[in-house]
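Here is a friendly walk through one protein chain, with an eye on its charged side chains and its backbone. Keep the structure open beside you as you read.

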Amino acid sequence: MSRTKSDVLQLMRAGGLVPVLRASSAEDAFELSLAIADAGIQVLEITLTVPNALLVISRLKKERAELLVGAGTALNADTAQSAIDSGAEFIVSPALDLVTISLCQRLSIAVLPGALTPTEILTAWSAGADVVKVFPADSMGGAKYLRSLKAPLPHIDLIPTGGVSLATARDFLESGAFALGVGADLVDTHAIREGRRKDITHKAAEYLRIVRNFQQDAALKVPRTI
């Protein structure tokens with residue numbers, strides 16, 4: 001399934017969730033991916049810290065082509081290129097690397113570099129980032145910090161990661177998040193190893209419900225044009 005960068009960003013915005021998959025084995029990462037996808041979430045970020053992460057990405061693209069699969073923790077352009085060659089449709093990093101942004105621009109691949117301060121965020125956006133990952137968002141005050149950033153930078157799409165949970169998800173969305181980067185609160189490797197795959201699917205569905213309720217409420221607030 002071939003998607004343009006515009007398609008990728010549209011799916012990401014509409015989905016509202018980007019689960020960040022970290023696991024100690026490729027098999028755990030693959031099973032986590034399927035458990036989350038069973039809830040209806042179509043966007044997945046496989047971090048390159050997962051052993052044989054590139055094989056997980058290529059396997060998901062082969063067996064579940066409908067899913068939008070990206071690579072996370074891409075710290076440099078060479079790593080990003082390897083992930084793209086394996087089928088990654090977007091690239092995420094916890095930090096800002098201008099060479100990686102340039103590579104993704106050249107290949108028309110969506111890129112979400114990490115930044116924290118207003119200066120870093122503006123630098124990333126000016127360099128061509130499609131969305132800026134605010135990480136770690138919780139260390140700066142969570143949703144309150146995101147709201148403060150969006151006030152002077154309303155034109156920059158931000159995806160908070162770090163501190164996103166069922167309890168905070170709605171606040172982050174109301175603060176102007178493009179989508180939510182969800183990590184440890186959802187990606188439960190212990191549940192997979194203990195055979196509790198349905199627990200992950202259930203929690204993923206709860207996240208999705210929060211996003212859909214927010215989107216419906218936001219749509220109702222949009223003034224109608226005559």
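A salt bridge here is a side-chain nitrogen of Lys or Arg within 4 Å of a carboxyl oxygen of Asp or Glu. With that in hand, note that this is a predicted model, and let us begin with one charged pair.

## A pair between two helices

The side chains of D217 and R170 form a salt bridge, with N and O 3.0 Å apart. D217 belongs to helix α10 (residues 197–221) and R170 to helix α8 (residues 169–174), so this pair ties together parts that lie 47 residues apart in sequence.

How accessible are the two partners? D217 counts as partly exposed because its relative accessibility is 33%, and R170 is also placed in the partly exposed class, at 24%.

## R59 and its two partners

R59 is a good residue to click on next. Its side chain meets that of E27 in a salt bridge, at 3.4 Å from N to O. This pair links distant parts of the chain: R59 sits in helix α3 (residues 53–63) and E27 in helix α2 (residues 26–37), with their positions 32 residues apart in sequence. R59 also forms a salt bridge with E63, at 3.1 Å from N to O. Here the spacing is about one helical turn, because E63 and R59 are four residues apart in helix α3.

Are these side chains buried, or are they partly exposed? R59 is partly exposed, at 31% relative accessibility. E27 is partly exposed as well, at 41%, and so is E63, with a relative accessible area of 47%.

## Salt bridges across the model

In total, the structure holds 16 salt bridges. Some residues join up in a network: R3, K61 and E89 are linked in this way by salt bridges. As background, side chains of opposite charge can pair when their charged atoms come close.

## A buried lysine without a salt bridge

Which partner does K150 have for its charge? K150 is buried yet has no salt bridge, and the nearest side chain of opposite charge, that of D157, is 4.8 Å away. The cut-off for a salt bridge is 4 Å, so a distance of 4.8 Å does not qualify.

K150 is found in helix α7 (residues 143–150). Its side chain does reach the backbone oxygen of I156, at 2.9 Å. Setting aside residues up to four places away in sequence, K150 touches I156, L158, S175 and G176.

## D185 and what surrounds it

D185 lies in the loop between β9 (180–182) and α9 (189–193). With a relative accessible area of 27%, D185 is partly exposed.

Which residues are in contact with D185, leaving aside neighbours within four places in sequence? They are V164, S165, L166, K203 and Y207. For a wider view, find P19: it is 166 residues from D185 along the chain, while the C-alpha atoms of the two are separated by 9.7 Å.

## Backbone details to look for

Three spots deserve a look at their backbone angles. Most residues other than glycine have a negative phi, and most peptide bonds are trans. F135 and P136 are joined by a cis peptide bond, with omega about -10°. P136 lies in the loop between β7 (132–134) and α7.

T73 has a positive phi of about 55° although it is not a glycine. T73 is located in the loop between β3 (68–72) and α4 (77–85), and it counts as buried, at 14% relative accessibility. S108, another residue other than glycine, has a positive phi near 60°. Its loop runs between α5 (98–107) and β5 (110–112), and S108 is partly exposed, at 43% relative accessibility.

## The chain as a whole

Stepping back, the protein chain has 10 helices and nine strands. Its radius of gyration is 17 Å, close to the 17 Å that the globule rule gives for 226 residues, so the chain is as compact as a globular protein of that length. The C-alpha trace spans about 45 × 40 × 40 Å along its principal axes.

Buried residues make up 51% of the 226 residues. Among contacts between residues at least 6 apart in sequence, 59% join residues at least 24 apart. The accessible surface comes to about 10300 Å², and 55% of it belongs to carbon and sulfur atoms.

Methods: Residues numbered from 1 in each chain as written. Predicted model: local features only at pLDDT ≥ 70, side-chain atom pairs only at ≥ 80, totals over all residues. Heavy atoms only, no water. Buried < 20%, exposed > 50% of the residue type's maximum accessible area, 1.4 Å probe, protein only. Lys, Arg positive; Asp, Glu negative; His and termini not counted. Polar contact = N/O pair within 3.5 Å; in protein donor to acceptor, adjacent residues only side chain to side chain. Contact = heavy atoms within 4.5 Å. Rg over C-alpha atoms; globule rule 2.2 N^0.38 Å. Areas by Shrake-Rupley, 256 points an atom, 1.4 Å probe, with all protein chains shown as cover.
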